[in-house]
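Here is a friendly briefing to keep beside you at the bench. Please have a look at the structure below, and then we can walk through it together.

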Amino acid sequence: MAADPPYTSENLNRLGLRRERLPQHVAAIMDGNGRWAKRQGLPRIEGHRRGVQTVRMMIEECARLNIGQLTLYCFSSENWKRPPLELDLLMGLLRRYVIAEREEIMRQGIRFSTIGRTDRISSTIWKEVTTTIELSRKNTGMRLCLALDYGGRDELTHAVKAIAAQVQSGEMTPDAICEKTISDHLYTAGMVDPDLVIRTAGEMRVSNFLLWQISYAELWVTEKCWPEFSRDDLYQSFRDFAARERRFGGLVENRTE
Ligand code: IPE
Ligand code: IPE
Ligand code: MG
């Protein structure tokens, strides 16, 4: 079956969106699964299960809107602090998700990748993850990046070690280190920085997500929990993003007074 067709300009108009004002790279902190489940009188894992449906919606919508990259914060380097039963259930869900979504990823021509540590998540999960990465390597559609066992501080520590080793071996001088050197040693090397970070469930914090890369990203927070985040909420975040004035530390054109 062919991929769902991209939205036309007419479709976008109807949604109040303009192609040239859409973010190129959208990143999401998918929070509130547990709170949503609790409110429904369900176990926390049900919240994670329902969250998978929101993940599917996000991927489909972002692909149809021609967003260049979608990065989803699935599991942080600090989430290992959770109780063993929740960790077990979460890892099981992740493995089943990666297997079940492979066909859909290929159908939509999505390029799949991950960021984060690779030495702590079980090898059975990594096997499935790398199979999908390899299979989708030549796809030319949206980039889908899952942040798994990811932490911004861990990523920067990892980068500093690699750069220090290059300096020690004489491959690089300290003076030659610039912002690009650091970007090139992060898990996100070669990716554009996020323009928009969406966080569900209301917390006003970044929780160790893409610390370097979100320097000038626009933050958009909703009270809704991840399992109840809808297409309309996503469109609203894009409309709000389009209305933001991004200055990057400079002044807006024609407004120097
Ligand atoms: C986000 O939902 C999913 C993960 C962090 C794995 P939470 O599990 O953090 O849900 P809350 O924040 O406890 O409601
Ligand atoms: C952020 O949510 C991590 C993910 C969504 C994977 P957390 O629930 O871990 O964040 P805190 O603990 O509220 O900061
Ligand atoms: Mg949380």
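How far does a polar side-chain atom of Arg82 lie from an oxygen atom of ligand 2? The distance is 3.2 Å, and it comes from a predicted model. Arg82 is also one of the residues that surround ligand 1, so let's take the overall fold and then each ligand in turn, with a look at two backbone angles at the end.**The overall fold**

- The protein is built from eight helices and six strands.
- Read from the N terminus, these elements follow the order α-β-α-α-β-α-β-α-β-α-α-β-β-α.
- The protein is as compact as a globular protein of its length, because its radius of gyration of 19 Å is close to the 18 Å that the globule rule gives for 257 residues.
- Along the principal axes, the C-alpha atoms fill a box of roughly 55 × 55 × 40 Å.

**Around ligand 1**

- The residues surrounding ligand 1 are Met30, Asp31, Gly32, Asn33, Gly34, Arg35, Arg44, His48, Cys74, Asn79 and Arg82.
- By class, this shell divides into two nonpolar, five polar and four charged residues.
- Two backbone contacts reach the ligand: a backbone N or O atom of Asn33 lies 3.2 Å from an oxygen atom of ligand 1, and one of Gly34 lies 2.9 Å from an oxygen atom of ligand 1.
- Arg44 uses its side chain instead, with a polar atom 2.7 Å from an oxygen atom of ligand 1.
- On its own, ligand 1 has 380 Å² of accessible area, and the protein covers 86% of that area.
- The space that ligand 1 takes up is the largest pocket.
- Two elements, α2 (33-39) and α3 (44-64), each give two or more residues to the shell around ligand 1.
- Of the shell around ligand 1, the largest share comes from α2, with three residues.

**Around ligand 2**

- Ligand 2 has Ile29, Met30, Asp31, Tyr73, Cys74, Phe75, Ser76, Asn79, Arg82, Arg199, Arg205 and Ser207 around it.
- This shell holds five nonpolar, three polar and four charged residues.
- Besides Arg82, the side chain of Asp31 places a polar atom 3.1 Å from an oxygen atom of ligand 2.
- Ser207 also takes part, with a polar side-chain atom 2.6 Å from an oxygen atom of ligand 2.
- The protein covers 78% of the 390 Å² of accessible area that ligand 2 has on its own.
- The space taken by ligand 2 is, again, the largest pocket.
- Which element gives the most to the shell around ligand 2? That is strand β2 (residues 69-76), which supplies four residues.

**Where the two ligands meet the same residues**

- Met30, Asp31, Cys74, Asn79 and Arg82 appear in the surroundings of ligand 1 and also in those of ligand 2.
- Asp31 is among the residues around ligand 1, while its side chain makes the 3.1 Å approach to an oxygen atom of ligand 2.

**Two backbone angles to look at**

- Most residues other than glycine have a negative phi.
- Asn66, which is not a glycine, has a positive phi of about 60 degrees.
- You can find Asn66 in the loop between α3 and β2.
- Asn208 is another residue other than glycine with a positive phi, in this case near 65 degrees.
- Asn208 sits in the loop between β5 (196-199) and β6 (218-221).

How values were computed
Residues are numbered from 1 along each chain as its sequence is written. Chains are lettered from A and ligands numbered from 1 in the order in which they are written. This is a predicted model: local features need pLDDT of at least 70, side-chain atom pairs count only at pLDDT 80 or more; totals for chains, interfaces and linings use all residues. Side-chain values use heavy atoms; hydrogens and water are left out. A residue is near a molecule or strand if one of its heavy atoms lies within 4 Å of it. A polar contact is a pair of N or O atoms within 3.5 Å; within protein, one must be able to donate a hydrogen and the other to accept it, and residues adjacent in sequence count only if both atoms are side-chain atoms. Accessible areas come from the Shrake-Rupley method with a 1.4 Å probe; for residues, only the protein chains shown count as cover. On a 1 Å grid over the protein atoms alone, a cavity is a set of points where a 1.4 Å probe fits but cannot get out, and a pocket is an open set with protein on both sides within 12 Å along at least five of seven lines; lining residues have an atom within 4 Å of a point. A molecule sits in a cavity or pocket if more than half of its atoms lie within 2 Å of its grid points. Ala, Val, Leu, Ile, Met, Phe, Trp, Tyr, Cys and Pro count as nonpolar, Asp, Glu, Lys and Arg as charged, and the others, Gly among them, as polar. The radius of gyration is taken over C-alpha atoms; the globule rule is 2.2 Å times the number of residues to the power 0.38.
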